[in-house]
Amino acid sequence: MTFSFLMAIPTSMAKASPSFVCQKCGAAYNRWQGKCESCGEWNTLVEEAGDSGVPVSIRAKRRGRPFKLESLAGKSVDAPRLPSGMAELDRVTGGGFVRGSVLLVGGDPGIGKSTLLTQATSLMARSGHRAVYISGEEAVAQVRLRAERLGLAAAPVELAAETSVEDIIATLSEGATPRLIVIDSIQTMWTDTVESAPGTVTQVRASAQALIRFAKKSGAAIILVGHVTKDGQIAGPRVVEHMVDAVLSFEGEGSQQFRILRAVKNRFGPTDEIGVFEMTGLGLREVANPSELFLSERDLGSPGTAVFAGIEGTRPVLVELQALVAPTTLGTPRRAVVGWDSARLSMVLAVLEAHCGVKLSGYDVYFNVAGGLRINEPAADLAAAAALVSSLANSPLPTDAVYFGEISLSGAVRPVAQTAARLKEAAKLGFARAILPETARGDAPSDAGLSLQTVGGLTSLVADIAARGTPRPAGRDNAPAEKNATPARFRRNEG
Ligand code: TYD
Ligand code: MG
């Protein structure tokens, strides 16, 4: 009896042994090493007080407490979802904020996370729900200033500049349960239960854990803002991504006004929907028809651009694909892609080379999706191939045409889903013809309002485009120097 008591003392009272935690993936080691074996990253191990996130004093004393098990068929207290009032945000979350859920919003600094969430909390507060905005990065005055700029200063949002998780939970436990709580950002939060410095993986994880527990217990929806590192991951809290119910990523080109909100993970909704916003002097404006926005700055009549009729989630989106094929001066030609999968580009280039006699080994290839959109659909293959051949052959594509279709390794053009929706959107935006897979004609409505031009194989498309063009000078040395200059947008993507 006494013996077992004595045995318990050393573990509970001894100082926790130091542990080295990878700041990227959260793997723990008991001594320092240069490389994290779990994620392969170098110099990411930082010494943190080894801990499980539960205070030692509690861990030693606490015994299990029996709890009541519930049935699946219980009655839910309130409407489980509450729409934010921003249609684009609701589209991405799957219809609004779920009670007791925790959402992580990641994005580059300055992309507009605080702006988006200030707008969302204000709308929520205006419609009579208790909404709280806790800023760990900015002073109350700064947050107010932003709200004033957005014309939302009068909204009854409850505001604080706080970083202690315990204080925040104690404050929010009083009074009516808030319907929405924004924590901006999770990296600035700290909890007493662990000794590590704020911003370390251990702190971020423990703080997130405490807030998630609070959300589940109280039924409040919590939005955590997370920073993104230079390689695009949510800094530190990779681990947090697994703990929260949904991860949204807010993306965009700094120089452009478009912002795209995308669900990376969503336990309560789809992950293929995007929300499109435009950053204006008065905050984020929702863009209900993204095609108009993505096509607003088209370079009409220049070779190397094709309009792709795509589908994002449930919504058709027309977007311009741009290709530049220019003679290379390098031994290994450059392939740079923004907004599309580089493996997919390589595949299309290989098919063009193998089946259509398009020799691209002496050319640099730059490929870009306009407007900062990221395309994941194989349906973009045909439009991409058209843009590439158009650039190589110096042959502008018809400006009133949209393209879609998947290219197989054999060079055949395969049908894709939702032909009717794609055609309808194109007709709505004033396009007159669609270039689509032969087999897709059956899916097209008879009153599509477009002339349909089907292609069975890539070869005929290539021949058609090439016949109208004036090829650029081939070879490595006779190209003007600026043809080889890397366009600014691609520079940061170079290895
Ligand atoms: P912010 O929401 O602070 O970004 P984050 O929280 O993601 O770091 O937004 C910062 C940028 O947005 C800043 O460069 C200014 C710009 N902005 C506007 O263009 N219009 C506006 O109405 C607001 C509030 C910000
Ligand atoms: Mg911010």
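Helices here are DSSP runs of at least four residues, numbered from the N terminus, and a residue belongs to the shell around a ligand if one of its heavy atoms lies within 4 Å of it. In this predicted model, helix H4 gives the most to the shell around ligand 1, contributing three residues.

It is worth walking through that shell as a whole. Ligand 1 is surrounded by 16 residues, and those that come nearest are Gly110, Lys113, Ser114, Thr115 and Gly283. Sorted by class, the shell holds seven polar, five nonpolar and four charged residues.

Several polar contacts can be picked out around the ligand. Lys113, already named among the nearest residues, places a backbone N or O atom 2.8 Å from an oxygen atom of ligand 1. Arg146 takes part through its side chain, where an N or O atom is 2.9 Å from an oxygen atom of the ligand. With Arg149, the partner is a nitrogen atom of ligand 1, and a polar side-chain atom of this arginine lies 3.3 Å from it. Taken alone, the ligand exposes 560 Å², and 74% of that area is buried by the protein. Two or more residues of the shell come from each of helix H4 (113-126), helix H5 (140-149) and strand S13 (274-280).

Away from the ligand contacts, some backbone details also deserve a look. The peptide bond that joins Asp184 and Ser185 is cis, with omega at about 0 degrees. Ser185 sits in the loop that runs between strand S9 (180-184) and helix H7 (201-218).

Two residues other than glycine have a positive phi. For Asn43, which is not a glycine, phi is about 55 degrees. This asparagine is found in the loop between strand S2 (28-29) and strand S3 (45-49). Is Asn43 buried or exposed? Its relative accessibility is 61%, so Asn43 counts as exposed, the cut-off for that class being over 50%.

Gln418 is the other case, with a positive phi near 60 degrees in a residue that is again not glycine. Its place is the loop between strand S21 (413-414) and helix H12 (419-428). Gln418 counts as partly exposed because its relative accessibility is 40%, a value that falls between the limits of under 20% for buried and over 50% for exposed.

Key
Residues are numbered from 1 along each chain as its sequence is written. Chains are lettered from A and ligands numbered from 1 in the order in which they are written. This is a predicted model: local features need pLDDT of at least 70, side-chain atom pairs count only at pLDDT 80 or more; totals for chains, interfaces and linings use all residues. Side-chain values use heavy atoms; hydrogens and water are left out. A polar contact is a pair of N or O atoms within 3.5 Å; within protein, one must be able to donate a hydrogen and the other to accept it, and residues adjacent in sequence count only if both atoms are side-chain atoms. Accessible areas come from the Shrake-Rupley method with a 1.4 Å probe; for residues, only the protein chains shown count as cover. Ala, Val, Leu, Ile, Met, Phe, Trp, Tyr, Cys and Pro count as nonpolar, Asp, Glu, Lys and Arg as charged, and the others, Gly among them, as polar. Buried means under 20% relative accessible area, exposed over 50%, partly exposed in between (1.4 Å probe, protein chains only).
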